[in-house]
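This report concerns salt bridges, helix packing, burial and backbone geometry in one protein model. The sequence and structure are shown first.

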Amino acid sequence: MADQQPTPEISSENIPKILPILPLFDTALYPKMVLPLVVMQGESIQLIDEAMSKDRIIGLVVAKKQIRETPYPKEDLFAIGTSALILKMAKTQDNRAQLLVQGLNRFRVISFKDDKPYLQAQVEHLKEIEKKDNETEALMSNLVGLFIKIVELSPGLPQEIGGMAKNIKEAGILADMIASTINISTEDKQKVLEIEDIKARLKEVTRLANHQLQILELGNKIQSQVRGDMEKSQREYYLRQQLKAIQEELGETDETHVEIEEYRAKIEEKNLPEEAKKEAERELGRLSRMHPSSAEYTVALTYLDWVSSLPWHESTEDTLDIKKARKILDEDHYGLEKPKKRIIEFLAVRKLKPESKGPILCFAGPPGTGKTSLGRSIARALNRKFHRISLGGVRDEAEIRGHRRTYVGALPGRIIQGIRRAGSNNPVFMLDEIDKVGSDFRGDPSSALLEVLDPEQNFSFSDHYLDVPFDLSKVMFITTANILDTIPPALRDRMEVLELLGYTEDEKIKIANRYLIPRQRSAHGLKSHQISITNGAIRQIISGYTREAGLRNLERGIAAICRGVASEIASDEAKSVTIKVQNVPKYLGPVRFSSEMKTRISNPGVALGLAWTQAGGDLLFIEATAMNGNKGLTLTGQLGEVMKESATAALSFIRSNAKSLGIAEDFFDTHDIHIHVPAGAIPKDGPSAGVTILTALTSLLTHKAIKKDLAMTGEITLRGQVLPVGGIKEKVLAAHRAGIKTIILPDWNKKDLEDIPKKVQKEIEFHFVTKMMDVLKIALDN
């Protein structure tokens, strides 16, 4: 800041034309203004000493660069400077000179002289001519108003300086005084110093003052806002402290604080794994700093609730009594020896090695064969908790892995949810209908299941919501599927597949008596003496009203009979009812499925094949006929490409072996062949009907009927080889249900008879063949 001091009466004529030049850094001096300086360089000290011994007048020029060299380069000095009078001078012990100088007049440097150690210059003194007019007065008034506002907003400036500016009548001095006072750069100060025209100088200083005022006003606004926010925060803090004191005085406690402490105690009590504990404590710290009304507060609270309620270390103790487990499995299910054997093996290994990992089992088979209920039975046998989730139609990966906490309403995936509901970290966890998982733009759930169902990875399963590993290695995962083809190979490879292929008629009768009838009797409020169903009636329901590998339609039929009996007893029409074969149509209506096998295969050209479906095995009739034509082959019955190719291959084999089969060689030149597979609304495909098609064609062309109660399956080649096919157990059981007595199978499928019940093997005669000629010898009547 420059203070105005009384100036000695020195006119520009009395100022020497040659002046010693002292460079200025970071500031500029205006006429009539006072400025303190500190001089350190040796040649500058000599300059001051010589000036003090003479007239005490020196020249001050602003340096262009902030380089304090001795001597200072002449070309780096501005051309316009100020002559100044040294008012005071004092030297310090470290050989510095402290000056107080007052500006006298502007000058222009004409040339520099080199006859001294310090800079000297010949100068031209510039005279100011004051011309007062209305514009000048307006500019002065406006500038004074701006300056007063700046003073009011600047705590570092004394308020009296505004009044001082009002009393200055000379326009040039006013502009110089304000320019030296306000906070502007050295370049701007030099620019004002170089303006000789008074009006132009006033306008430039007004522009600079306006800019300074805007900065001060904006800074003042920001400071007011910050102060207001701080005052509000301090007020809220003060009120909360008062509220806390009042609650303590009344014996009440802050609910939020209590809630946080409760979660802290839960986390300590849970003894979480290191990573989970670290994440929970971090979230707890964030929660303690949040206001309860904040949206993030609820998110953090929900997360802590999940982390603190999961069974990180809680396990149920397995029942390792193998005899007891076997008894429970037999109580709940009849048959199903392979799955039961596998569970007993798991228990035996668990007994010998307690830390062994749980198996990943997949129960595959037709609907109604007891896959889901077997999972519950396994949990009961092991004394474990049971949880089931259905994956049918699941298309979002987040259903398995959970949503990230950035989403509104995010939750863990169904795996972690199921573990929490089970309340232990080693439940029997059933993933039902795994073959019906879908995928779309939201991700592929089957890919997410790869980690869940891999014992080498699931010890550190990472849910997106929890964001910390959870150990699933102790969980016994059981999946169910109707078909395996739709399960991705990588996922299928992680599971041990156990096939539940269906029940024989005798097994169904035993299951009905042991489980289904008591369950439906209880469900309909009937007592054991009020209803009884004979084995003949059950057999009639199985053969006449159902076509299935499982038991669901059988149980529905029993339920319908129980409803009819309940209606009769409730209306006092009867006190007890015995259901015999002849009574079944009364409750279930006319027989839905009758055996048309004997009538349909009594004529040449009709053969009985065996087919596999998702619901188990089934019988497949193949019909062939010939008519006058020109070598045509017609195929109907909604056949797939593979089945059509089998028919073409069968016809080609017969034509190439016509002579040995006793068929006229010119027969095919004058006849068309038509092959039809009934049930035309149902799509059919696969190679296993090749043997049946060839047999039906040979029967037609040789006019020999096929033996009664005979069925067959197998793939053929053009050379007459019989190749193996799949689904043997389902096909054989379907044949047994239909009363088939003889079955022709490929020789390579002999090993599949191990899965066939012994009783069925005794009641059916099996022929295993490798060549098609062997099939024809067995199947056709001589």
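D49 counts as partly exposed because its relative accessibility is 30%, where partly exposed lies between buried (under 20% relative accessible area) and exposed (over 50%), with a 1.4 Å probe and protein chains only. Its side chain meets that of K91 in a salt bridge with an N to O distance of 3.0 Å; a salt bridge is a side-chain nitrogen of Lys or Arg within 4 Å of a carboxyl oxygen of Asp or Glu. K91, at 43% relative accessibility, is also partly exposed. The pair links distant parts of the chain, with D49 in helix α1 (residues 42–53) and K91 in strand β4 (residues 80–91), 42 residues apart. Helices (H or I, at least four residues) and strands (E, at least two) are DSSP runs, numbered from the N terminus.

The model is predicted: local features need pLDDT of at least 70 and side-chain atom pairs count only at pLDDT 80 or more, whereas totals for chains, interfaces and linings use all residues. Residues are numbered from 1 along each chain as its sequence is written, and side-chain values use heavy atoms, with hydrogens and water left out.

The structure holds 26 salt bridges. Three of these pairs are tabulated below.

| Salt bridge | N to O distance |
|---|---|
| K91 and D49 | 3.0 Å |
| D330 and K340 | 3.0 Å |
| K436 and E433 | 2.8 Å |

In the pair formed by D330 and K340, the side chains meet at 3.0 Å, N to O. D330 lies in helix α10 (residues 322–332) and K340 in helix α11 (residues 337–352), so this salt bridge ties together parts that are 10 residues apart in sequence. D330 is partly exposed, with a relative accessible area of 30%, while K340 counts as buried at 1% relative accessibility.

The side chains of K436 and E433 form another salt bridge. K436 is partly exposed at 37% relative accessible area, and E433 is partly exposed at 23%. Elsewhere, D133, E135, K199 and K203 are joined into one network by salt bridges that share partners.

Helix packing is considered next. The axes of helix α17 (residues 505–523) and helix α19 (residues 552–570) come within 10 Å and cross at roughly 45°; axes are lines fitted to C-alpha atoms, for helices over the stretch in contact, and angles run from 0 to 180 degrees between N-to-C directions. This crossing makes α17 oblique to α19, because angles under 35 degrees count as roughly parallel, over 145 as roughly antiparallel, 65 to 115 as roughly perpendicular and the rest as oblique. The residues of α17 that meet α19 are K508, A512, L516, I517, R519, Q520 and R521, and their partners in α19 are L554, E555, I558, A559 and C562; contact means heavy atoms within 4.5 Å. By class, the contact of α17 with α19 has seven nonpolar, one polar and four charged residues.

Helix α15 (residues 445–452) is mostly covered, with six of its eight residues buried. The buried residues are P445, S446, A448, L449, E451 and V452. Among the elements that cover them are α13 (398–401), α14 (414–422), β9 (428–432) and α16 (489–493).

Two loop residues have positive phi without being glycine. Q638 has phi near 55° and sits in the loop between β18 (633–636) and α22 (641–656). With 41% relative accessibility, Q638 counts as partly exposed. D709 has a positive phi of about 55° and is found in the loop between α24 (690–702) and β20 (710–712).

Methods: Nonpolar A, V, L, I, M, F, W, Y, C, P; charged D, E, K, R; others polar.
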